[in-house]
Amino acid sequence: MIPRVHKRGTRTIGLLYYLYGPGTHEEHIDPHLVAAWDSLAPDPGRDPDATHQALQQLLDLPVDSVTPSRRPAKHVWHLSVRAAPEDPVLSDQQWADIARRMVSATGIAPDDGRPGCRWAAVRHADDHIHIIATLVREDGRKPRLHADAARSQAEARRIEIDYGLRRLDTGDGTAAQRPTSAERHKANRQQRERTPREELRETVRRAVAGAQGEQEFLERLAAAGLLVRPKVAPSGDLLGYSVALPDDRNSKGEPVFYSGTKLAPDLSLPRIRERWEATEPSIQDSTGVTADTPLRAVPGPATARRTATNAAWQAVLVLDSGDDGLIAAHIAAAGEVLDALAKTSAAHTRKQLSEAAFAFERASRSHVRAARGQDQVLRQAARDLVQGGPALGRGEDGATTAMLIDMAFFLVTAAAAWHSKKEHAQQATAALQAAEHLRAAYRAAAGHPMAVLHQRGRLLPSAVHRRHAAVVRRALPELAEQVLAEAGWSALASTLADAEAAGHDPAGLLVQAAGRRELDTADSVSDVLVWRLRRIAGLPADASAMPLHSTAATRKSRSHMDGPADTRRDGRGRAR
């Protein structure tokens, strides 16, 4: 159940005409009163003798009875209460009970005998009601409406339990503002999939991803086709910005601009600047040594995806063991990576990646203050993705996309676990939704590169299969039988052969790939191990151009590594 406190108004009659009218798109059906402060209140919807003016005069009577100096400047209070789409249709009596509980919980009409305001609940659709109230009590005083929105939400959670309705997650005040009813109706009329507010939020987030300053950010907004209106101080300093879609106009034909704050709390210019004012990025190499990031050329799409995969893996480890501020920063930066990946993805993965980024937006904010600065490796990865440009859906570009999506899935799953631990219900749900979209994107991205690896694995001699199966049993005794029974085993066998031919110890790689984080959330453990092994060993993600490593080729490559100081092991685990 979703209650919403609307902006206060000045004309009781105007709101009544809307509630009892046909609606802006003829969507109002059988408008009628379900409850009011007085059971004898007139109902202009079903009583032919009742009028809008009669109900308005009764509602406004306490307001008109006080002196003008004591009247609120905006005396009309408006609350809508909507059921979830999957909830059953409630009766008028049930909606009447819900209305009474809402006006009591918010302070409009307390049920403890204290004087209250006059109010009326109107139903003009199956799934929601509107409550109108005037903000002067029967005793001439103003009602106490502190935190009325939060109290209506708390009461909605109790109503959901009492009526067996879908239990929605409690918000924490960090969510982006929802589109208004007028915005939704306008979007439907214009046959838009999303409202302009939502389209702008997504476009601005993609412009922020990896940006390093105001000028670059504004240029990205303009390049994305938005109308940009900077707010500049007399000194020339940028104070803020507003954006609009070129084809979104008001009744006067003017563009409808939204400030960053109206799009999302973290899209205001001061909040965006926090990302830019952080320290310069650093890179941690395989030995754990941290060094300053050197100046480098713009990477290609495949290189950018490999770099982002490494950064995402390090972020997963931070989410497992870091402090809350550091984790919050990495989760926010993970949102930038998803935005950048969606922006540069190939057509066959674009929709699901865009949906994943759209869903994760809610998971990227909470009341935990992000410790900016240590998240710069992830932000640099997002920047590399954007600068690397669009990726092809094939070859190394396509295979590294699958590799990154696979790692991004574990990152957002870790984010969901952290939010759940902190009781951030909405954020945890959003992260899990993003994970499901990433699953779908992975299936689309991994189809061809995994098919190549499967084919290569089937061409390996049976003796090689048996030897690598023994390696898996020795390195991963708890997972071995599951891995060997999966359809992806042949792709893993091919990868183990490639890694061995490149001079790596397959058993050691397997332990490294599986030992630092659980694999229970993976659809296919063998797929996860394939991508982790190819990343750790530096193997091409796309194996189509690689030679098939037969037993003879493997023995030849291993003979070059023999030496008295060599501690590598053979395929059966014996020290050489």
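The questions and answers below go through cores, salt bridges, strands and cavities in a predicted model.

The model is predicted, so local features need pLDDT of at least 70 and side-chain atom pairs count only at pLDDT 80 or more, while totals for chains, interfaces and linings use all residues. Residues are numbered from 1 along each chain as its sequence is written, and side-chain values use heavy atoms, with hydrogens and water left out.

Q: Which helix gives the largest share of the largest nonpolar core?
A: A nonpolar core is a set of buried Ala, Val, Leu, Ile, Met, Phe, Trp, Tyr and Cys residues joined through side-chain atoms within 4.5 Å, where buried means under 20% relative accessible area, exposed over 50% and partly exposed in between, with a 1.4 Å probe and protein chains only. The largest such core holds 95 residues, of which Phe360, Trp489, Leu510, Leu529 and Trp531 touch the most other members. Helices (H or I, at least four residues) and strands (E, at least two) are DSSP runs numbered from the N terminus, and the largest share of this core, 15 residues, comes from helix α14 (residues 395–421).

Q: Which residues does leucine 529 touch, not counting residues up to four places away in sequence?
A: Leu529 is one of the residues that touch the most other members of the largest core, and contact here means heavy atoms within 4.5 Å. With residues up to four places away in sequence not counted, the partners of leucine 529 are Leu476, Val483, Leu492, Leu510, Ala513, Ala514 and Leu519.

Q: Is arginine 118, which forms a salt bridge with glutamate 138, buried or exposed?
A: A salt bridge is a side-chain nitrogen of Lys or Arg within 4 Å of a carboxyl oxygen of Asp or Glu, and in this pair the closest N and O atoms are 2.8 Å apart. The bridge links distant parts of the chain, with arginine 118 in the loop between α3 (92–106) and β4 (119–125) and glutamate 138, 20 residues apart from it, in the loop between β5 (128–134) and α4 (148–163). Glutamate 138 has 43% relative accessibility and therefore counts as partly exposed, whereas arginine 118, at 12%, counts as buried.

Q: How many residues apart in sequence are the parts tied together by arginine 369 and glutamate 274?
A: These two residues form a salt bridge whose closest N and O atoms are 3.0 Å apart. Arginine 369 is exposed, with a relative accessible area of 58%, while glutamate 274, at 22% relative accessibility, counts as partly exposed. Because arginine 369 lies in the loop between α12 (347–360) and α13 (376–388) and glutamate 274 lies in helix α9 (residues 269–276), the pair ties together parts whose separation in sequence is 95 residues.

Q: Which residues are linked with Asp266 and Arg275 in a network of salt bridges?
A: The side chains of aspartate 266 and arginine 275 meet in a salt bridge at 3.8 Å, N to O. Aspartate 266 counts as buried at 7% relative accessibility, and arginine 275 is buried too, with a relative accessible area of 5%. The network links these two with Arg205, Glu336, Asp339, Glu361, Arg365 and Arg379.

Q: Which residue in β4 stands opposite alanine 35?
A: Strand β2 (residues 32–36) has 5 of its 5 residues buried, so it is largely enclosed by the rest of the structure. Two strands pair if DSSP finds at least two bridges between them, and 4 bridges join β2 to β4 in an antiparallel arrangement. The residue opposite alanine 35 is alanine 121.

Q: Which strands stand at the edges of the open sheet of 3 strands?
A: The sheet has the order β6-β7-β8 with antiparallel pairing. Strand β6 (residues 227–232) pairs with strand β7 (residues 238–244) over 6 bridges, and β7 pairs with β8 over 2 bridges. One side of each edge strand is left without a neighbour in the sheet because each has a single partner strand, and these edge strands are β6 and β8 (258–259).

Q: Which helix gives the most to the lining of the largest cavity?
A: On a 1 Å grid over the protein atoms alone, a cavity is a set of points where a 1.4 Å probe fits but cannot get out, and lining residues have an atom within 4 Å of a point. The largest cavity is lined by Arg201, Glu202, Arg205, Arg206, Asp339, Ser354, Ala357, Phe358 and Glu361. Both α6 (196–208) and α12 supply at least two residues of this lining, and the helix that gives the most, with 4 residues, is α6.

Notes:
On a 1 Å grid over the protein atoms alone, a cavity is a set of points where a 1.4 Å probe fits but cannot get out, and a pocket is an open set with protein on both sides within 12 Å along at least five of seven lines; lining residues have an atom within 4 Å of a point.
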